[in-house]
Every structure is written in structure tokens, then in C-alpha cells.
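Thank you all for coming. Please bring up the sequence and the structure on your own screens, and keep them in view while I talk.

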Amino acid sequence: MISFTIALVALILGYILYGKFVERVFQPDDRPTPAVANADGVDYIVMPTWKVFMIQFLNIAGTGPVFGAIMGAWYGPVAYLWIIFGCIFAGAVHDYFSGMLSVRHNGANLPELVGTYLGKRTKAVMLVFSVFLLMMVGVVFVYSPALVLKDFGWTTLGWVCAIFAYYVLATLLPIDKIIGKIYPIFAFAMLFMAVALMVCLYVKMPALPELWSNLDASNLNKPQSLLGTESYIAKNPLFPCLFLTIACGAISGFHGTQNPLMARCLGSEKVGRPVFYGAMITEGIVALIWATVSIYFFYYGGWRQVVDANSINEFLAQTDGGKNLIQYFTAPNVVEKVCTGWLGFFGGILAIFGVVAAPITSGDTAFRSARLIIADALHLSQKGVHKRLLVAIPMFAAAIALLVWQMENPDGFNTIWQWFGWSNQTLAVFTLWTITVYLVQQKKPFIITLIPALFMTVVCSTFLLVSPMALGLSTTVSYCGSVISLVIACVWFLWWYRKAYK
């Protein structure tokens, strides 16, 4: 618990100290925001700062800081380091600058920002990339909650249709009609659940491994030797897989697509730090809590408190005496078991919010962002409902086709989810390079985004080399390739920087 406490304090100090430094680099002022200058009653609406924060938090969070942290806990306490450093120096910086750049560029969407600083060709790539990513988010977050809800009655298909109907309404109606009213409630429930679990941790004070303990012993994703040879097959190696698994709790490209929604609702630039940087730090704290709960749950007997005593023998037989918990407990299952076992009946209700409401509220804003990105690219006004339908109908038709493929393909969900993870962080790479170019042009300390941009470039390129879904090369070859990708990125930047400086 000492490492957990240190990490918690580090995140709070990160917001107070480094967040203030980042704000000074950007220098917000009193100019009219897009919500004031372009008020249209649909997407550009000034809302109270507290409400914007709550919507922003739920927009970027969903189940990311929960499910990602649970799966990231398989690597042991080393996950703390990624949450701390990733959140403070990468994710929160990524979110603040992308959100504030949208404010400064009249509420521009992410592809527009990328095109402004990285060129029209990159903008075209990002346009397709962003819309496809948002479509995957919407599809993934339709099917997974429907699978949970079917246990409460009705069929999976029925729940899918109901969720899609909600998505259509949330995508078409003004942002303050549905999203502005229900999101703060769901965000409060998610925060209350995290705080309650943190209190339980301090009450229980479990003996957990610290960052200075034997970290290798807690890593259940070690490379496996290949028939005694010196070659290795990757079983989700810590690098790069940890940095893709814990995304929303550290850094996530998906956030860059969501930030413009709230950039169009800010009443002042000076509230950007609590809204953008603060929401990311809050998400990091949620991820930290769930990572700690999961470490206790998986490795130190926390599961014993939630396993039915009548089925303990069957449970032990299926998990090799409790040694193989990962294959037995899925991330949604862990959320349900922990909340119900630790927080009682009320905790079970909160678990439904976490497992069902959170992904649904990420899916609706994903489709809303996709609509706005497509409309901006085609220069289509979105003031009239019929104009919004021109974009929404083909968009939802494509989403339904992707969903049907996923439901009919036995491994469709896993395939979409894994590629979503890589696409998500690749989007963050484009955003970080965009911000770096902006800082260079403004003669500001660009090193604060250059280092995260280089690191995430290496992470995403290494995944393509080592993942069985892509090239599936050995870890040795893949890591050599990661060094080459780092060198190429550095050379490219230095060449561009000298050219820009001249």
C-alpha cells in the first residue's frame, strides 16, 4: 500500500505542479471561446465548468481506466509507473493541448488540427483513421454491454437494438438535451465507486508488493521459451503490451477525438486545465485504484472474499488451485465481484453503471464525434436535423454492417478490440506530433511533447512487429526494430526542425 499511496500523491502533485507549468506554456487568455463566438444551440453551447468537467471525464473514461487497469494488473505493480508517468507527462499533456488547440482553432476536430500542422496528406489519413476508430469504439461498446444486460431479461439482439436507438438520439439531439443531463450522473457514480473502493483498500490495508519488490514474480505475461532454443514467442510482453493495455488510464488517442466536443462548450480558456488536464489526472486515479484492487484480487487472495463457498472446490479445480485466475475472471466479472463483495447491494448497482453505462456513454460520444468530423470534412452545416441525418444514416449503416460481422465471427470481438487498442495509441502518436510541431512554431518548449511522441511511436511500431496479429516476430528482432523506428523518428524530426528553424 505504500507504493499505491505514493502513486496517488504523485498524480495529485502532477496536476498541481506540472499541470500549472503546461498551462503557462500554452498561455490561455480572455479571448471569446468557440462556445461564445459560434453559439448554435446544438454543438456550440456554453455550459457550467463543473458539468463540462463531468462530461469530459466520462467521455474519455468509459470502461478504459477500469478494464484496462484490471488487465494491466497482470503485469504487477510496474503498472503503477506507467499510470503515474504516462498520465502526468503524456496523457494529461496530450489532452490539455489537443483540447486547447481545438478552442484556439474555432472548435476544430482532430483531423483538422492534424492537417493544420502536419499537412493535408496526413489530414486525409487521420480523417479516415479517426472515423474508423470511432466506429470501432461505437460497435465494441454496443455489443459488450448488451451481453451483460441480457442476463437481466430480453435478448442480446434486443438490447443491441435498444442501445443503437439511444445512440441515434444522442448523436442527433443538441448536446445539452441528453448528454448534458445524464453524463454528470453517470460520472458521479463512477467516481463514487472508485472512492469507495479506495476507502476499502485503506480499511483492509492488504499486504501488497511494492515497486521495490520482486516485480518479475508478479508478471504473468512473460515471454515463453520456444522448445529450449534462444528464440522466444511473445506472450503479451511487458513492452509494448502494457502501454497499449493501460491506455485510457495513461494516454489515449481516443481522447483527442472527444476533446473538441467540450472545447465547443467552454465559457473561458482559463478553465481548460481543470477540464482537460484535470479530467485525465482523475482518470489516472481511477485506473490506479482499480489496478491496486486487481493486484490484491489476483495475487493476494482477494478473490477468496467473493467466490461462492458452495462452489469453492469447483473454482479451485478450474483455476489450478487459484493459480490461473486470469482465465477464470474477465474484466467485467472482476468489476461485478469486487463491487458486490466489497460494497454490498449498492455496490452491485454501481457495477452495472461501470460495466454497462460507462461503455454506452463512450459509444454515443464516439458516434457524435464521427458525425462532426465527417460534417466538417464535407463542409456540411449541422444546425438542422435533416442535415445531421445526411451524415448519421450512412454512418450508422456502416456501423451496423461492422457489428453484424462481429456478432457472426466467433473471434470478431477480440479482433476488433485488439486492433482498437493499437489504433487508439497510434492516434495519440499523430496528436503528440501535431502538438510538437505547434510548440516548435510558437517557439515554446516542445520537449514536453517530443519525448512522449517518440516513446509512443516506438510502442506502436514495436506492437506491429511482435504481435501475432501482425508480423509476430521474435521479441529480439522486434526490439531491434523498435530501435530502428526510434532512430528514424529522431532523424525525421531533426531534419524537419532544421528546415523549420531556417
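I would like to begin with the second largest cavity, whose lining is made up of Asn109, Pro111, Glu112, Lys123, Leu127, Ile373, Asp376 and Ala377. Please keep in mind throughout that this is a predicted model. The elements that each contribute two or more residues to this lining are α6, α7 and α15, the last of which covers residues 331-378, and α15 provides the largest share, namely three residues. When we sort the lining of this cavity by class, we find four nonpolar, one polar and three charged residues. Its volume is about 30 Å³, and a search of the whole structure finds two cavities of 30 Å³ or more.

Let us turn from cavities to pockets. How much space lies in the second largest pocket? The volume there is about 460 Å³, and among the 19 residues that line this pocket, Leu118, Thr122, Phe430, Trp433 and Trp492 are the closest to its centre. Helices α6 (110-118), α17 (412-441), α18 (447-466) and α19 (475-501) each give at least two residues to the lining, with the largest share, eight residues, coming from α19. By class, the lining of this second largest pocket holds 13 nonpolar, five polar and one charged residues.

Now I come to the way in which helices pack against each other. Two packed helices are described by the angle between their axes and by the distance between those axes.

The first pair to look at is α7, residues 120-149, and α8, residues 156-172, whose axes come within 8 Å and cross at roughly 135°. Because of that angle, α7 counts as oblique to α8, and the crossing of α7 and α8 is right-handed. On the α7 side, the residues that meet α8 include Phe141, Tyr143 and Leu147, while those on the α8 side include Trp159, Ile163 and Phe164. The residues of this contact of α7 with α8 divide into 12 nonpolar, two polar and no charged.

The other pair is α5, residues 78-104, and α11, residues 254-263, whose axes also come within 8 Å but cross at roughly 45°. That angle is why α5, too, is described as oblique to α11, and α5 passes α11 in a right-handed crossing. The contact is made by residues including His94, Asp95 and Ser98 of α5, and His255, Asn259 and Pro260 of α11. By class, this contact of α5 with α11 has three nonpolar, seven polar and one charged residues.

Note on methods: Residues are numbered from 1 along each chain as its sequence is written. This is a predicted model: local features need pLDDT of at least 70, side-chain atom pairs count only at pLDDT 80 or more; totals for chains, interfaces and linings use all residues. Side-chain values use heavy atoms; hydrogens and water are left out. Axes are lines fitted to C-alpha atoms, for helices over the stretch in contact, and angles run from 0 to 180 degrees between N-to-C directions. Helices (H or I, at least four residues) and strands (E, at least two) are DSSP runs, numbered from the N terminus. Angles under 35 degrees count as roughly parallel, over 145 as roughly antiparallel, 65 to 115 as roughly perpendicular and the rest as oblique. A crossing is left-handed if the near helix is turned anticlockwise from the far one by less than a right angle, and right-handed if clockwise. Contact means heavy atoms within 4.5 Å. Ala, Val, Leu, Ile, Met, Phe, Trp, Tyr, Cys and Pro count as nonpolar, Asp, Glu, Lys and Arg as charged, and the others, Gly among them, as polar. On a 1 Å grid over the protein atoms alone, a cavity is a set of points where a 1.4 Å probe fits but cannot get out, and a pocket is an open set with protein on both sides within 12 Å along at least five of seven lines; lining residues have an atom within 4 Å of a point. Grid points are joined across faces, edges and corners, and a volume is the space filled by probe spheres set on the points.
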